[in-house]
Amino acid sequence: MATQTETKASLRTELKAAFDEKTHDGVPSGFLTDADKSKPNILRTGNPDVVVNKLTPRVGTEIRGLQLSGLTDAQKNGLALLIAERGVVVFTTLAEKPQGVNGLESEW
């Protein structure tokens, strides 16, 4: 079984192959205009258990310690914006079973 370091390295390699970091345009204009562009509700939660790491300079983010089932509307907007900007967001420590986050995708 792969270690966490090996898994991260593999994911970084796959992301670099999937996206040309020089041409990735990011967020479509007009997307989530009510979301705070600094995403404080996702990136700076004040919870020491929530850790956010960029997987590459422009594409991919890993979030540890954030539970999707308890997100506020502002956090959902911030997360949607982060996904649009970074292309891929990986949650590595979800406590919920998949059915615990059902319906989140319908928010967007």
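A salt bridge here is a side-chain nitrogen of Lys or Arg within 4 Å of a carboxyl oxygen of Asp or Glu. The model on screen is predicted, so local features need pLDDT of at least 70 and side-chain atom pairs count only at pLDDT 80 or more, while totals for chains, interfaces and linings use all residues. Residues are numbered from 1 along each chain as its sequence is written, and side-chain values use heavy atoms, with hydrogens and water left out.

**The sheet.** Select the three strands, which form an open sheet in the order β1-β2-β3 with mixed pairing. Strands (E, at least two residues) and helices (H or I, at least four) are DSSP runs numbered from the N terminus, and two strands pair if DSSP finds at least two bridges between them. β1 (51-54) and β3 (89-91) are the edge strands; each has a single partner strand, so one side of each has no neighbour in the sheet. On average, neighbouring strands of this sheet are turned by 20 degrees against each other, direction ignored.

Next, select β1 with β2 (residues 61-64): the two pair in the antiparallel sense over four bridges. One residue to pick out is N53, whose bridge partner in β2 is E62.

**E62 and R64.** Stay on E62 and add R64. These residues form a salt bridge, with the closest N and O atoms 3.5 Å apart. Is E62 buried or exposed? E62 is buried, at a relative accessible area of 3%; R64, at 26%, counts as partly exposed. Buried means under 20% relative accessible area, exposed over 50%, and partly exposed in between (1.4 Å probe, protein chains only).

**Helix α3.** Now select residues 73-86, helix α3, which lies across β1, β2 and β3 and runs at about 125 degrees to β3. Axes are lines fitted to C-alpha atoms, for helices over the stretch in contact (heavy atoms within 4.5 Å), and angles run from 0 to 180 degrees between N-to-C directions.

Within α3, find E85 and add K39: their salt bridge has its closest N and O atoms 2.8 Å apart. The pair links distant parts of the chain, 46 residues apart, as K39 sits in the loop between α1 (4-18) and α2 (40-43). K39 is buried at 6% relative accessibility, whereas E85 is partly exposed at 24%. The whole structure holds two salt bridges.

**N47.** Finish in the loop between α2 and β1, where N47 is placed. N47 is partly exposed, at 33% relative accessibility. Its side chain reaches the backbone nitrogen of D49 at 2.7 Å. Add G65: N47 and G65 are 18 residues apart in sequence and 8.6 Å apart in space, C-alpha to C-alpha.

How values were computed:
A polar contact is a pair of N or O atoms within 3.5 Å; within protein, one must be able to donate a hydrogen and the other to accept it, and residues adjacent in sequence count only if both atoms are side-chain atoms.
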